[in-house]
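Q: I should like to learn how to read the features of a protein model. May we work through one together, beginning with a single contact and moving outwards?

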Amino acid sequence: MRKTKLALAIAATAMVSTPVLATNGDVLIGLGAQSRALGGTGTAAFFGAENALTNPALLAKSQGSEFSIGGTVFMPDVEANGTTSDNDLNIIPEVAMSTRINDNLTFGLGMFGSAGMGVDYRKDPNLFNAYSNLQLMKFAPTLAFNQDNFGLGFSPVIQYGALDINFNNNLDTGQTVGNGMSTDLGYGFNLGGYIDVTPELTLAASYQSAISMEYDGQISTASAPFGANMGDTLEQPAEIKIGAAYTMDNWMFTADAKQIKWEDADGYKEFNWKNQEVYAIGAKYTGKDFWVGAGYNYGSDPIEVIGAGAGQTVDMFNNLFFPGIVESHYTVGAGFNITKNSAIDFALVYADKVSKTVNVDTLLGPGAAVTTNHSQTGYTVAYRMNF
């Protein structure tokens with residue numbers, strides 16, 4: 001019986017394990033080099049075209065046209081009971097542009113990867129040689145309106161997702177269980193607004209809707225050998241954000257707060273994820289041909305431990321294979337003008353190592369536990385052109 005429960009825990013993990021990004025839970029702390037350099041802020045701080053990836057309303061502050069292309073090299077370091085996941089290097093692309101239509105309207109476009117990794121324990125038969133790979137890409141055309149000291153923005157969002165799962169059912173038949181890669185398109189929206197309270201102070205808010213994804217034959221196929229009847233839906237959660245940005249001479253100071261609604265998202269709520277409060281601050285100094293910045297981002301561990309009985313299966317799933325437990329992120333960055341109309345930006349994000357232990361004695365016997373260690377490093381580079 002204990003082996004069957006453990007098998008189900010491992011299978012459930014392999015089924016729905018999504019990437020752990022540089023992250024609040026599994027949500028990237030910021031999109032764009034400048035946002036990531038300033039602690040993942042950007043709800044009220046204007047960074048140019050890359051605001052199409054944060055608060056669509058801020059594109060209303062654009063002048064002329066701008067194009068930005070870049071990417072993040074993300075390196076998670078995850079270890080469970082002495083075994084390290086081999087999925088430790090991922091590339092996350094980002095493209096954004098904006099162009100002013102007239103005095104009151106700006107059009108923008110954002111295309112970016114919001115997830116692009118999974119877990120890889122194929123070298124460890126004790127972990128069922130489990131492998132999973134989820135990739136998410138969002139496409140967000142944007143229209144922003146400005147009038148006097150305020151602006152509004154709206155982005156319909158198209159999300160492409162691909163999920164591939166396989167593992168070795170070595171407690172039963174020993175066969176490899178998997179159903180190839182499944183893909184889906186999901187739809188949602190981003191909505192935002194800002195107001196310039198004074199020329200120096202901007203307040204803003206934005207909302208990102210949840211996006212439901214259906215990966216046919218993935219979760220259901222992986223769970224079937226263990227008698228589980230699970231659906232194939234995995235929903236990206238809604239986010240509510242507020243922010244402030246204050247400029248003083250060459251300095252800009254930013255602050256954001258957001259709630260990620262895990263407990264309302266299909267898939268995550270079944271595994272006992274709770275709504276997460278995230279707080280971020282940043283500071284940026286701009287010189288003649290350069291900028292430098294730093295920030296801090298904190299979001300407490302959203303995964304609540306059940307700790308008893310059958311709930312230990314869920315605890316095993318979360319802590320062993322889906323450890324979205326990092327909390328504190330430290331960020332720095334800089335940008336340099338290459339020509340009058342072009343620049344290159346850099347950001348470094350580091351998340352402290354966090355350890356979490358869950359009791360699994362119902363599954364593995366008296367005193368059994370799973371300890372996971374998790375830290376993260378990410379490097380972002382972007383090239384901007386104004387014209």
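A: Certainly. We begin with one polar contact in this predicted model: a polar atom in the side chain of Asn250 lies 2.7 Å from the backbone oxygen of Thr286.

Q: Which residues does Asn250 touch, leaving aside those up to four places away in sequence?

A: A contact here means heavy atoms within 4.5 Å. By that reading, Asn250 touches Lys284, Tyr285 and Thr286.

Q: Where in the chain is Asn250 placed?

A: Asn250 is in the loop between strand 11, residues 239-248, and strand 12, residues 251-260. In space, its C-alpha is 40 Å from that of Tyr160, and the two residues are 90 apart in sequence.

Q: How should I read the exposure of Asn250?

A: One compares the relative accessible area with two cut-offs: under 20% is buried, over 50% is exposed, and values in between are partly exposed. Asn250 has 37%, and is therefore partly exposed. Asp249, in the loop between strand 11 and strand 12, has 79% and is therefore exposed.

Q: What is the phi angle of Asp249?

A: The point to look for is the sign of the angle, together with the residue type. Phi of Asp249 is near 55°, a positive value in a residue other than glycine. Asn81 is likewise not a glycine, and has a positive phi of about 50°. Asn81 is found in the loop between strand 3 and strand 4, the latter being residues 83-84.

Q: How many bridges join strand 8 to strand 9, and in which sense do the strands run?

A: To read paired strands, one notes the number of bridges, the direction, and which residues stand opposite each other. Strand 8, residues 150-168, and strand 9, residues 176-196, run antiparallel and are joined by 18 bridges. Within this pairing, Gly151 stands opposite Tyr194 of strand 9.

Q: What joins strand 9 to strand 10?

A: A hairpin of 4 residues connects strand 9 with strand 10. These strands also run antiparallel, with 7 bridges between them, strand 10 being residues 201-208. Here Asp196 stands opposite Thr202 in strand 10.

Q: Which way do the side chains point along strand 5?

A: One follows the strand residue by residue and asks which face each side chain points to. In strand 5, residues 90-100, the side chains alternate. Asn90, Ile92, Glu94, Ala96, Ser98 and Arg100 point to one face and are buried. Ile91, Pro93, Val95, Met97 and Thr99 point to the other face and are not buried. Strand 5 pairs with strand 3, residues 65-80, in the antiparallel sense over 10 bridges. In that pairing, Ala96 of strand 5 is the bridge partner of Ser68.

Q: How many residues of helix 4 are buried?

A: For a helix, one counts the buried residues against its length. In helix 4, residues 311-321, 11 of the 11 residues are buried, so the helix is largely enclosed by the rest of the structure. Among them are Val314, Met316, Phe317, Leu320 and Phe321, and also Asp315 and Asn318.

Q: How many aromatic pairs does the structure hold?

A: The structure holds 10 aromatic pairs. One of them, Phe154 with Phe189, is stacked, at 6.1 Å centre to centre with 25° between the planes. This pair links distant parts of the chain, since Phe154 is in strand 8 and Phe189 in strand 9, 35 residues apart. With a relative accessible area of 40%, Phe154 is partly exposed; Phe189, at 32%, is partly exposed too. Elsewhere, ring pairs link Trp251, Phe253, Tyr285 and Phe290 into a cluster.

Q: What radius of gyration does the protein have, and how is that value read?

A: One sets the value beside that expected of a compact globule. For 387 residues the expectation is near 21 Å; the protein has 22 Å, which agrees. Along the principal axes, its C-alpha atoms fill a box of roughly 70 × 35 × 35 Å.

Q: What else describes the protein as a whole?

A: The protein has 5 helices and 17 strands, and buried residues make up 56% of its 387 residues. Among contacts between residues at least 6 apart in sequence, 65% join residues at least 24 apart. The protein exposes about 15,200 Å², of which carbon and sulfur atoms supply 58%.

Note on methods
Residues numbered from 1 in each chain as written. Predicted model: local features only at pLDDT ≥ 70, side-chain atom pairs only at ≥ 80, totals over all residues. Heavy atoms only, no water. Helix = DSSP H or I, 4+ residues; strand = E, 2+ residues; numbered from the N terminus. Buried < 20%, exposed > 50% of the residue type's maximum accessible area, 1.4 Å probe, protein only. Polar contact = N/O pair within 3.5 Å; in protein donor to acceptor, adjacent residues only side chain to side chain. Pairing = 2+ DSSP bridges. Rg over C-alpha atoms; globule rule 2.2 N^0.38 Å. Areas by Shrake-Rupley, 256 points an atom, 1.4 Å probe, with all protein chains shown as cover. Phe/Tyr/Trp six-rings, centres within 6.5 Å; stacked < 30°, edge-to-face > 60°.
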